Structures are given as structure tokens and as C-alpha cells.
Amino acid sequence: MESYDAVVIGAGPNGLVAANVLVDAGWSVLVLEAEDEPGGAVRTAEVTAPGFRNDLFSAFYPLAAASSVIAGLGLDRHGLEWAHAPAVVAHPSTEGPTAVLHRTPEDTAASVDVFHAGDGEAWLELYDVWRRVGTPLVEALLAPFPPVRGALKLATAIGGNQLLDFTRFALLPVRRMADEHFGGAGGGLLLAGNALHADLSPEAAPSGMFGWLLAMIGQDIGYPVPVGGAGELTWALVRRFEAEGGTLRCRAPVRRVRVEGRRAVGVEVEGTPIGARRAVLADVDAEVLLRHLVGPDHLDPAVLSRLDHYQRGWATVKVDWALRTPIPWRDPAANLAGTVHLAASMDELTMGVAELAAGRLPTDPFLVLGQMTTADATRSPAGTESAWAYTHVPISVRDEPSGSHTGRPLRDDDVAEVARRMEARIEAFAPGFSDRIIARHVYGPKGMEAADPNLVEGDIGGGTYQLHQQLVFRPTTGLGRPETPVKGLYLSSSSAHPGGGVHGACGSNAARAALLHDRAGRVVAPVGRALGAAKARFAARPAG
Ligand SMILES: Cc1cc2nc3c(=O)[nH]c(=O)nc-3n(C[C@H](O)[C@H](O)[C@H](O)COP(=O)(O)OP(=O)(O)OC[C@H]3O[C@@H](n4cnc5c(N)ncnc54)[C@H](O)[C@@H]3O)c2cc1C
């Protein structure tokens, strides 16, 4: 039987980071990917019109740029090159000014000060907190749980007398954070637009921390994009892995993790067994991995009942456009940013999330929008724009009047209607947008899941980002680390702490856990054998 030290299921960014960490330790590693090409939600293709490179899913990588895990791989030596738009994020209003996140705090402060005198100063105070605690905070968040060393460094940076104040700050809903710091709308919208990349409402903890963190990372290092498309990040990871001796096999869906005596010993691809001598790492949705690839026969009922509480994030509709020209924003300040957030106000964000919670399609969808040619000129012919936007939708729809608790699955006509509302939304901020469309490509939840089985029901984060499924509760209570109830099997997808986003930490944490257990096993096994032999000698000695 074909056999390796480790088999990694799935060639998403987390799987590929895990695979790189393991080959670096000298292990023989096989990565098995279900799709035709590697990358998972980090891929690029021409899906709209010839010459337009569209990122199929993720597009901007502040977390990758901030992650010591990805920086440590030296991907520039494997062809990865980052590009930046002139500004990081813009949040236009329908009539008034645009709040713009720049890579210099003073420029961002000047932008929010336009909304209310003094808000610039307040922005710089928030930046000051980041300057003190940002580095240890990111380090602690990306480390496996519990992040003992990172937490100590963070506590030192915060200072003993400020610990409670910072903890309170970290738990603030983004609406409250905005109210406590700003008199006008601009600063709060910059924070809230970033917070709502996650499935959080402006009234939920820790949406303030989430928005502040993304905004501050963006301000420090930008929202960079790989030159040539998101897929270039994937290919750099693959090139590095193969250069170090690893093997990647595509069109190889793993249907089963082989378990013997409560230990993972390999996998099965279309009926063919492949051995894993030291570990199996799964860049797979947690519920799919445990319920379907491992199966209930190998799990305690308690694990299965906790999985019943595993909550997915909102579903998603994404539209890619090939545009004749850049987007004709009312305020040209929005043309400078690679990422644009569209919502008229904090109240509109709240109402939008309430609609999702009630099972309704969003009336005025909140959009995260990318202007890719603005960020990287290679994405489409000169003078044109390769653009996309996504919005969230409920996993199941409750039509009015309903009263039904469960609702019905999202249909194709719902997806088409949401795409229509998304275009109408952009038109409101950029009159003439629709006339610029050469072609569009629409992904609903079903299409996304068909292209990447981890995007279950269109959930883009590997499970909800809400507080009750974070840290030690991710993906469920009792599974807060990469180890699973099956020995030698490690969860390395974004279902694991610290969750969604391209930072590679879920992959790196799983690989490090596998290496640690392997080393410990190598120390413990000879001691165990020696103890066993001594016991046998003792038992065999003549009585008396
Ligand atoms: C529309 C969208 C926009 C996003 N925008 C951003 C963004 O701008 N910036 C950002 O940082 N993050 C963004 N994200 C989130 C980010 O892309 C994900 O968090 C990240 O890709 C998760 O990486 P992963 O390796 O855990 O899983 P994935 O990227 O989903 O990869 C999992 C891989 O495993 C494979 N696989 C699964 N099961 C099997 C099996 N049984 N056998 C073999 N292979 C299998 C899949 O085919 C897939 O290739 C976005 C996500 C989406 C969907």
C-alpha cells in the first residue's frame, strides 16, 4: 500500500501551510485535493470575460500579510508578489463624504474628521492602543489554544492596571465602540464595515474588536493582493511544498479516514487505501470530517451530541463583474480603495443582520466589494475593472407570512434576486454602474459548495464567528485544539481556532501538534517498551 509519514486532506491555504510545516520537519507528505486544482477558497479564473482575472472567493489578504506563519514560509522566493491599491478601504455614503482607511493613520484620521471635528483625534487614540498591543495580540490570537506565551506578552504590553479596561474594550459591540469614540458616522462605519466581514451584528460582542483589529492591520500593512490573482498565493505554497519534496494530488476526494484501534492510520480515496504512518491532517469542515469521514462508530456519543450544536455562519451570494471602466462612484475618493464597504449607516447594518436572523433576504444588502484592477493592474485590460462583491443571506428562507421556525432552502430565483439587489445597491452609490457591466458571474451557496466542499451551505468562515464558537469553544466544546478524539488525526481547517481568513494558523497549529505528539511518542514508546520488558522479567523470575 502507498504510504507516507503524513497525509493532508485538502489543499486550501490551511492544508498547504500544514503540509509545508511537515515537509520542513523532514516528513514525507502527500496532499490529497478533491477539486481539479489546489487552493480551496484561494483561486483565480476567467469566469466573466476574456482577459478578466476573477478571484473565485477570497481576494484581499491583510491576515496573510500579518501572519508570522505565512511570512515564515518565504513565499517571495517562490514567486509571490504583493500589490496594493492607493488606499485600503473606502466606505462611501449615498450623498455625503467617504470614510477612507489609508496606510498612514494621520490620513485616515483626516478622513474621519470630515464627519465630525475631533473624530480624527479619537481615531489616533484607537491607533495608539493598537501600537501598544497589536503585535502580541495577533501572536496570541494565531497561536493554538491556550496561547500561554502570547497571553503573557499581551498582558505585559497592556499593563497590569489596564487589563480590565482592555478586556472591556475587547468585548464591545462595534456600535458601542463607535458611540464611545466618535461624534460622526465615518469612524464607526470604517470599524463596522470591517466587523461585518464576519457574521456578527453591530450589537454583538466582539464585533468591535473584530472591526478594530482588521482596520488597524489594514492601516499598518494594507489589504494586499497577490500580483496576478489570489491563486498565485496558492501556487507559491504549492511550489514551495513540492520543492521541499512533498507530493500534491488533485481530483482525489478522500471519502474515509481509516481508523484502527482509535488511531488514524490513513485515508481512502475512491476505495483505494493510502497509509499515514505518523498523522492525518484534515483541512476539512469539522462536522463533515467527524460525522462522515471518521463516522459515528469511532466517536463517543458526547462528541456527536456536541456536534449537533456546531453553528454555521450565514450563507453567501457573490457576484463577479467584468466592467468597461472603473466604477463611477459619486465620490471619486472611493476609486482609490481596493476594498469598498457599502451600507448607508450603522442602522442599516443592524436592520440587514436582523433580516438574516429572521430568515429574510436582505432588502438593502451590505456589500464587501473588491476593485481588483485598482489594486493590481494585471487583473484586466487597461482602462477596465475586474470587480466583485459578496453579501450574506440566510441559510434557510422564511417567507412572509410564515411563523415557521425552519424555513425553506434558498432557491436559484432567490440568488438571482439578491444579485439584482446587489447591483441596485451599487447603482445607488455609483449611478451608471449597470451600464459599465460587460459580463457577470453569480455564485450562490450551492455553487460555492460545489466548487469547494468546505464552503458548506455558503458559509465562508468554517462556522460562525460568534463568541460562543470562538477560542476554546471552536469548533465545539471539548475540541478547542487541533487534536481530535481520534489519535493521530488533526483538524487543520478554518473550523479550528482561530477560524476563517487566510492566515495559515489553523494549518500551522495542526502540523505543530502532530510533530509534538510524534516526538513525545518517540520518547515515551521506548520507555514504555523498557517498562514492559522489566515487568515481564519480574513476572518470569522464579518465585521466592
Ligand atoms: C467568497 C469568500 C470571500 C472571502 N474573502 C476573504 C478575504 O478577502 N480574505 C481572507 O483572508 N479570507 C477570505 N475568505 C475566507 C478564506 O478564504 C477561508 O477562511 C480560507 O480559504 C480557509 O482555508 P482552509 O484551508 O481552511 O479551507 P478552504 O480554503 O476551503 O480549502 C479546503 C480545501 O480542502 C478540499 N477538501 C475538502 N474536503 C476534502 C476531501 N474530503 N478530500 C479532498 N479534499 C477536500 C477542498 O476542495 C478545498 O480545496 C473568503 C471566503 C469566501 C468563500
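The protein in this predicted model contains 18 helices and 20 strands. Its radius of gyration is 24 Å, close to the 24 Å that the globule rule gives for 544 residues, so the protein is as compact as a globular protein of that length. Here is a quick tour, from the whole chain down to one aspartate, D518.

**Overall dimensions and packing**
- Measured out along the principal axes, the C-alpha trace of the protein spans about 95 × 55 × 55 Å.
- Of the 544 residues in the protein, 58% are buried.
- If you take the contacts between residues at least 6 apart in sequence, 73% of them join residues at least 24 apart.

**Surface and charge**
- The protein has an accessible surface of about 21800 Å², and carbon and sulfur atoms account for 56% of that area.
- There are 49 positive and 61 negative charges in the protein, and the mean positions of these two sets lie 10 Å apart.

**A look at D518**
- You will find D518 in helix 18, which covers residues 505-540.
- D518 has a relative accessible area of 15%, and it counts as buried because that value is under 20%.
- Once neighbours within four places in sequence are left aside, D518 is in contact with W27 and R278.
- With R278 there is also a polar contact, side chain to side chain, at 3.3 Å.

Note on methods
Residues numbered from 1 in each chain as written. Predicted model: local features only at pLDDT ≥ 70, side-chain atom pairs only at ≥ 80, totals over all residues. Heavy atoms only, no water. Helix = DSSP H or I, 4+ residues; strand = E, 2+ residues; numbered from the N terminus. Rg over C-alpha atoms; globule rule 2.2 N^0.38 Å. Buried < 20%, exposed > 50% of the residue type's maximum accessible area, 1.4 Å probe, protein only. Contact = heavy atoms within 4.5 Å. Areas by Shrake-Rupley, 256 points an atom, 1.4 Å probe, with all protein chains shown as cover. Lys, Arg positive; Asp, Glu negative; His and termini not counted. Charge placed at Lys NZ, Arg CZ, Asp CG, Glu CD. Polar contact = N/O pair within 3.5 Å; in protein donor to acceptor, adjacent residues only side chain to side chain.
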